[in-house]
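Here is a short briefing to read with the model open beside you. It starts with the whole chain and then turns to a pair of helices and two residues worth a look.

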Amino acid sequence: GVRQGCCLAPSLYVLVHEVLLRMIRHHPTLSGIQIPGPRGETTPGDTEEMREPAFADDTGVALRDDSQLDTLFDILGEFQAISGALFNNDKTVGLRFGKARDTPPPPRYTVAGSREMKWYRYGIDAIPRSDKYLGIVLDVAQGVAAQWRKKIADIDAECTNALAQSGPKTIFGREMWAKNVFAAKCWYAFKYQSPTLAERDTILT
């Protein structure tokens, strides 16, 4: 963890954490998942491999399939040995995407296994708020829509209140302020999880 109020602690944490990220990123046999390229390219050879999306002290690891779990946990074990850091099993969650949702995880990587983990099938299982990632609760379609309705309602109320008190006086100034100060709160969440197209029309009306 990061000691609160210490200016040096965040930098030290990032330096140590980067060691783990590089161990994952540059491992010769670990395989992540293929995602579209910078311009949305999906043809073979134009996609990019994603392994370790991380932000602050939240770290995710994308694996091609269950066969990569042993390699990943070997990396984690090595990092724990050299750093003295310990991973909290209660905060370790596995998400199964695509075809993996149709099959159970390996027994040893379940709550009853030797390497205890909780698993959810993305888009099928409701995920508790306590198991959010990067501040986002990954959820089924109805839950995602409910989150966005609340987010937009909160931003709308906050924006209306702020503009009524001390906001810019011109229409152009108010438009820019609303976009840069309030709407910016949506971009981050939208990048990781957005409602379905049908739900978007309902939410925005």
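Two residues are in contact here when heavy atoms of theirs lie within 4.5 Å of each other. By that criterion, and leaving out residues up to four places away in sequence, Thr71 touches His27, Thr29 and Leu30. Please keep in mind that this is a predicted model.

**The whole protein**
- The protein has five helices and six strands.
- Following the sequence, these elements come in the order α-β-β-β-β-α-β-β-α-α-α.
- The C-alpha trace spans about 60 × 45 × 40 Å along its principal axes.
- Of the 205 residues, 26% count as buried.
- Taking contacts between residues at least 6 apart in sequence, 57% join residues at least 24 apart.

**How confident the prediction is**
- The average pLDDT of the protein is 84, and 96% of the residues score at least 70.
- Confidence is highest in helix H2, with a mean of 93.
- The lowest confidence belongs to helix H5 (residues 197-203), where the mean is 74.

**Helix H1**
- Helix H1 covers residues 9-25, and its 17 residues should span 24 Å at 1.5 Å a residue. The end C-alpha atoms of H1 are 24 Å apart, so the expected and modelled spans agree.
- The buried residues of H1 are Ala9, His17, Leu20, Leu21, Met23 and Ile24.
- These buried residues pack against strand E3 (54-55), strand E4 (58-59) and helix H2 (69-83).

**Helix H2**
- With 15 residues at 1.5 Å each, H2 should span 21 Å, and because its end C-alpha atoms are 21 Å apart, the two values agree.
- In H2, the buried residues are Leu69, Thr71, Leu72, Phe73, Ile75, Leu76 and Phe79.
- The cover over the buried residues of H2 includes H1 and strand E6 (118-121).
- Just after H2 comes Gly84, which takes a positive phi of about 85°.

**Where H1 meets H2**
- The axes of H1 and H2 come within 10 Å and cross at roughly 150°. An angle over 145 degrees counts as roughly antiparallel, so H1 is roughly antiparallel to H2.
- The crossing of H1 past H2 is right-handed.
- From H1, the residues that take part are Val16, Val19, Leu20, Met23 and Ile24. Their partners in H2 are Leu72, Ile75, Leu76, Glu78, Phe79, Ile82 and Ser83.
- Leu20, Met23 and Ile24 appear among the buried residues of H1, and they also meet H2.

**Two buried residues to look at**
- Thr71 sits in helix H2. Its relative accessible area is 18%, and under 20% counts as buried, so Thr71 is buried.
- Ser31 lies in the loop between H1 and strand E1 (33-35). Its relative accessibility of 17% means that Ser31 counts as buried too.
- Which residues does Ser31 contact, leaving aside its neighbours within four places in sequence? They are Glu49, Ala62, Leu63, Arg64 and Gln68.

Terms used. Residues are numbered from 1 along each chain as its sequence is written. This is a predicted model: local features need pLDDT of at least 70, side-chain atom pairs count only at pLDDT 80 or more; totals for chains, interfaces and linings use all residues. Side-chain values use heavy atoms; hydrogens and water are left out. Helices (H or I, at least four residues) and strands (E, at least two) are DSSP runs, numbered from the N terminus. The expected span of a helix is 1.5 Å times one less than its number of residues. Buried means under 20% relative accessible area, exposed over 50%, partly exposed in between (1.4 Å probe, protein chains only). pLDDT is the predictor's confidence in each residue, from 0 to 100. Axes are lines fitted to C-alpha atoms, for helices over the stretch in contact, and angles run from 0 to 180 degrees between N-to-C directions. Angles under 35 degrees count as roughly parallel, over 145 as roughly antiparallel, 65 to 115 as roughly perpendicular and the rest as oblique. A crossing is left-handed if the near helix is turned anticlockwise from the far one by less than a right angle, and right-handed if clockwise.
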